[in-house]
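Thank you all for coming; I would like to take a few minutes to walk you through a structure that may be new to you. Please have a look at it first, and then we will go through some of its features together.

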Amino acid sequence: MANTDDNQPQRGTTPVPPRGGKRTPNRPSSGGRPSSASNRGGQRATPTGGNRTAQATPRRPGAGSPSDRRRQALAQQRRRRQTLLAGGAIGLVIVVVAVLVIIKVTGGNNNTTSATKGSTNQPVAASVINKLSSVSTSQLAAAANNFKASQLTYPTAANGAPVNKTGKPELLYIGAEYCPYCATERWPMVLALSKFGHFSGLTNIHSSPTDVYASTQTFSFYKSTFTSQYLKFTPVETETVAQKPLQKPTAAQTAILTKYDSGQSIPFVYFNGKAYFVGAQYNPQLLHGKSFQEIANDIAAGKSTLASNIYANAGAIVSNICKMTDGKPGSVCKYFPKPINS
Amino acid sequence: MASTRSAAQRKRARAMARQARYTKPAGPARAEETWADEDEDWDTDASWTGRFPRWPTIAGLIVVGLGLADSAYLTYVHFTSVKNFACPETGIVNCAAVTTSQWSHILGIPVAILGLVFFVGMIPLMLPAAWRSQNPLIRLARLAGSIVGVGMVIWLVYAELFLIRKICIFCTGVHILTFALFVVIAMGTIATSDPEAA
């Protein structure tokens, strides 16, 4: 029978720790975790003495074994590669942004788009004017009366001096081609004025591409002609899209502007002493991103929020023009027994 | 060999056999118990501290929180009025010009909303559980999200500098935070990856 004295340490094995003594595992220095529970279980000591001690050592692989060192070296190599990749990506982003800023600072400002070089005036097709004219006056009146004052800004009643003391009553407009609020307001103005006469020479422009509500599609009143037997329309576009001087208001016009609009904000519209308004009367955002043709189509269709806002605004303008013209023509002004004001 | 054992050895062996039969084998049991305890420790926070540092979670949540506030403000202004902007309009700085430009929408969706969605989506990916997870889908989603975000930032910086030619300081704030999040995610992904994973 073989010697079965298990208490004798076997040569070449780890001594059994003292009873109750805590065995210290050789954990990987990297804090590496065994890849699976089964792996740990497989390395767990068996109750049999000799085997237990023999298997205890490899179950927590020590940092010193060649395979562990190889694994750690691979892990470190992988981590180094990942760090380099991440650092490179971060550096690339910084370099790209820095290059953009440097180009901008050293010469990018000289780049101007065609939109900012000047007005991009293109004659407005007659079909567009016809579409706007197809909207009935009753539709404008209904929209203007339906909208609450809180939703739209309507003209303010005034008791001022007429622009033109003799002849036809005069509607004064002071704005600028670059101005996005003027761009917004020209749509209802063209719609409203088309009920009293006929426009010619209107051109298609957009507001400044670098201002708020950039590049809003609209008309320019510059060099346009409005023919009406009921009123005179005097538009003044003070600056181009590129904010170069275009038309200068007369002293009388400037005096009126200063009286009602101390900040000289534009657009300014003066109903021959009966009323006036400053700024856009509806939200310019509604025109955002729409082409000139799309806006015209929207207005003709009359179903969108944009159309109802423009209808209401145009209705309010028509009602105040009617006040100017003493209710002429009756076919238009019969829908507006009194001016619609804020 | 057995015959060569002394009487004393045989006596001691019999005594140990009796002890083993009637008493708990303290030595091996204690050793096993100790290993078991340590196995539990292996999965506890103490063991995980080295591999899953807290900084990605803390830094990530701070950056996401700030980005969320900034993009929420931009979204609020978008849906109300640019007049609500607490932003100067001097020189090249003009928030309203940027946020109402034609480049303020991508595929018809306001960029402000895209920013808000981006930061909201990043919240769960910044939580400790998400950083601890070695699920490649989670890690890839976080990394891919940050790459898309920083790519968008480069495009928007280009648009501001060369197309709109105005700078929106609140947008720039979102850009910086998106880049900071990209840095946190890139470095955090490395710091929390399993070094032994293939």
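Before I turn to how helices pack here, let me say that an axis is a line fitted to C-alpha atoms, for helices over the stretch in contact, and that angles run from 0 to 180 degrees between N-to-C directions. Please also keep in mind that this is a predicted model.

With that in hand, helix 3 of chain A and helix 9 of chain B, the latter covering residues 169-191, have axes 9 Å apart and pack at an angle of about 175°. Since angles over 145 degrees count as roughly antiparallel, these two helices, helix 3 of chain A and helix 9 of chain B, are therefore roughly antiparallel to each other. Among the residues that make the contact are A:Arg79, A:Ala86 and A:Ile90 from helix 3 of chain A, and B:Phe179, B:Phe182 and B:Met187 from helix 9 of chain B.

Helix 3 of chain A, residues 66-106, also holds A:Val99, which is partly exposed at a relative accessible area of 40%. A:Val99 forms a nonpolar surface patch with A:Val95 and A:Ile103, and together they have about 230 Å² of accessible area.

Let me move to the backbone. In chain A, a cis peptide bond joins A:Ile266 and A:Pro267, with omega about 5°, and another cis peptide bond, with omega about -5°, joins A:Lys328 and A:Pro329.

In chain B, B:Arg165 has a positive phi of about 60° although it is not a glycine, and B:Arg165 counts as buried, at 18% relative accessibility.

Terms used:
Residues numbered from 1 in each chain as written. Chains lettered and ligands numbered in written order. Predicted model: local features only at pLDDT ≥ 70, side-chain atom pairs only at ≥ 80, totals over all residues. Heavy atoms only, no water. Patch = residues over 30% accessible without salt bridge, like charges linked within 9 Å, V, L, I, M, F, W, Y side chains within 5 Å. Areas by Shrake-Rupley, 256 points an atom, 1.4 Å probe, with all protein chains shown as cover. Salt bridge = Lys/Arg side-chain N within 4 Å of Asp/Glu carboxyl O. Helix = DSSP H or I, 4+ residues; strand = E, 2+ residues; numbered from the N terminus. Buried < 20%, exposed > 50% of the residue type's maximum accessible area, 1.4 Å probe, protein only. Parallel < 35°, antiparallel > 145°, perpendicular 65-115°, else oblique. Contact = heavy atoms within 4.5 Å.
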